[in-house]
Amino acid sequence: MTESSVIYIILAFITALLLALFQYVYKSKLNNRLKTILTVLRTVAVFGILLLLINPKFETKTYYDDKPSLIVAVDNSESVRYLQQDKNATSILKSITDNPEIEKQFNIKTYSFGKTLKPIDSLSFSEQQSNISNALKQIGEVYSNQVAPIILLSDGNQTYGADYSFVSNSVKQPIYPVILGDSTIYSDLSIKQLNVNRYVFLKNRFPVEIIANYNGNESITTELKIWSGNSVVFRKPIQFNATKTSEVITTTLGANSVGVKTYKVELTPLDLEKNTVNNSKNFGVEVIDQKTNIALVSDIIHPDLGALKKAIESNEQRSVSIIKPNEYLNNSNDYQLVILYQPNNNFNTVLNEVSDQKLNSFIITGNTTNFSLLNNLQSAFKQTVTNQSEDFQPQLNRNYNTFIIDNLSFEDYPPLQSEFGTIEFSVPNAIILSKSVNGIDTNQPMLSTYEVGNTKHALLSGEGIWSWRAQSYLESESFNDFDNFIGKLVQYLSSNKKRSRLSIDYKSFYNGNDDVIISAQYFNKNYEFDNSAALTIALKNKEDNSIREVPLLLNNGNYSVDLSGIASGSYDFTIKHNKESVAASGSFEILEYNVEQQFLNADIEKLQSLAKNSSGNAVFNTEIDELISDLLTDSRYATIQKSTKNIVPLIDWKYLLGLIALSLFAEWFIRKYNGLI
């Protein structure tokens, strides 16, 4: 309370008292007892009202102890159990969380992680992937404004995500790795990496690149074999020693029949080799008998062209040729889809060719597009010509149902430059992306698909799509999300198949640690997406003929099922509607491979580097007492006494209002009782 408030309160009390004395004492004929009572009541009432007008503020302070948090993150991946460290991890976790001194000094928070981070419920050490970097980043974000050292119980063998050695650049907390494993060096052979295209073409030979590693000091000889079923299709002897610890082997294999073909690369194991699981690796290719050729026709040079070519050709089944309008006319029969990038006056004949030959097309407009020409040479849509451009943000239409779109968020994507004005379609169209300005949807299409007769078309109003591909990489450190989005659009446009009421999306084969997710869309008889359908997948294992039925769940406009974790092998599946005779079938293969069983030791060097870069300390699983002692004596983790100041204005004090009301009522009653009113 300020000094001025105290002065005002004193003056208010004097004023209230003088008013009461003037009314009930000055020249009053009342008896002394009644004078005193009425004077007190009037003084209280007037003083209370004046206090409310002054409204002084009272400060209160509350003191409390702020303990630092101690984060314990446990690697729940299968490699910990494979290295026989699961019991050690459980024991160490218990010794830390049950330590009374640790409990007294820290607020303990426990998490487990594999591919994702989550609070500890139970530890199974069965996660098929480990992403240490992502786990540390998420912890760093949650506790960014706190003192929260991190104890990391892990073998350091990361199988997914960015390198965690330098995660301290974004995680501002000391990290204390507890190394689950020993430092003993064993002689070991391993297939470090295998590079091969996912798709190959019939009667072609496809390259295979294998990186074989050796860990040891002796000179040894082994043999690398590539098996196709029970036949060896390639073999090569390899020699390693203390200085030559790696070799790259390249060869080509023939693709003689259509379908998924599986192979196995194998290194002959050493005598008494401790880990032979990492001596072999399965891989697969899908042999196809044709390739989709796409013409990207443009009369200008623009970074969008490169972005589109890279996105489309990320699927080896597709080939993109960037050509001029006159070059397309000379070879139009070689392409299954034509992309018209910013048509200008030189596209006159090309647009006529697309219309006359009833070809599928993808039109992209921008600042150099001749909209008058475009409006005259096709009748599906008309763009208002204003000769003014505007920046529009994309907004995803989650009810789009022509084909399955992954759960992408375009909220943070850069705007595209588009012609200012409306687009009016004269044929039915489905909007994938609409234009928005400052978060307000304009209900104008940015990207939409439409069909004319038996042909399929798409229209993108805006240039600058290269920035979307760059943004996709910034968000996920991969171009996959954007490339898959463009790939599905191109797949739809380049296909002349009749639309089905039940469409499915899946891969022909999955590597052992891939997420096996199958998606589907179901439409009613009017081809409107039905979000109340009951879909079930019947999964049949070809090897033992066992059948497993699982319901599909609605998720962001698609029905999907996650089959991750099923055993390797070949599977047939059928997705059917439970109440209607609508079904779709397919088959896929899961290649046997467990990335978590490829390790022989803990990655001690990388865990020590992580500790050093974050001002922490790495210890082995036998040094837990030393770690606990360091945490308890480190001055950075001292308990801090803090206070909170609470300022309460008097007007919020309800008791004062009650006191004023009670005083006025009592004064009125006494005066009434004594006949003074």
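This passage looks at the overall build of the protein and then at the empty space inside.

The structure is a predicted model, and its fold mixes both main kinds of secondary structure, with 15 helices and 36 strands. How spread out is the whole thing? The radius of gyration comes to 37 Å, while the globule rule gives 26 Å for 677 residues; the protein's value is well over that, so the chain is more spread out than a compact globule. The C-alpha trace fits that picture with numbers of its own, spanning about 125 × 75 × 55 Å along the principal axes.

Next come the surface and the contacts. Buried residues, meaning those under 20% relative accessible area, account for 46% of the 677 residues. The accessible surface adds up to about 35000 Å², and carbon and sulfur atoms hold 48% of that area. As for who touches whom, take the contacts between residues at least 6 apart in sequence: 72% of these link residues at least 24 apart.

Then there is the inside. Rolling a probe the size of a water molecule over the atoms reveals where empty space remains. How many cavities of 30 Å³ or more does a search of the whole structure find? The count is 1. The largest cavity holds about 90 Å³ of space. Its lining is made of 13 residues, and Asn397, Arg398, Tyr400, Ile405 and Asn556 are the closest to its centre. Sorted by character, the lining of the largest cavity has 7 polar residues, 4 nonpolar and 2 charged.

Terms used
Residues are numbered from 1 along each chain as its sequence is written. This is a predicted model: local features need pLDDT of at least 70, side-chain atom pairs count only at pLDDT 80 or more; totals for chains, interfaces and linings use all residues. Side-chain values use heavy atoms; hydrogens and water are left out. On a 1 Å grid over the protein atoms alone, a cavity is a set of points where a 1.4 Å probe fits but cannot get out, and a pocket is an open set with protein on both sides within 12 Å along at least five of seven lines; lining residues have an atom within 4 Å of a point. Grid points are joined across faces, edges and corners, and a volume is the space filled by probe spheres set on the points. Ala, Val, Leu, Ile, Met, Phe, Trp, Tyr, Cys and Pro count as nonpolar, Asp, Glu, Lys and Arg as charged, and the others, Gly among them, as polar. Helices (H or I, at least four residues) and strands (E, at least two) are DSSP runs, numbered from the N terminus. The radius of gyration is taken over C-alpha atoms; the globule rule is 2.2 Å times the number of residues to the power 0.38. Buried means under 20% relative accessible area, exposed over 50%, partly exposed in between (1.4 Å probe, protein chains only). Contact means heavy atoms within 4.5 Å. Accessible areas come from the Shrake-Rupley method with a 1.4 Å probe; for residues, only the protein chains shown count as cover.
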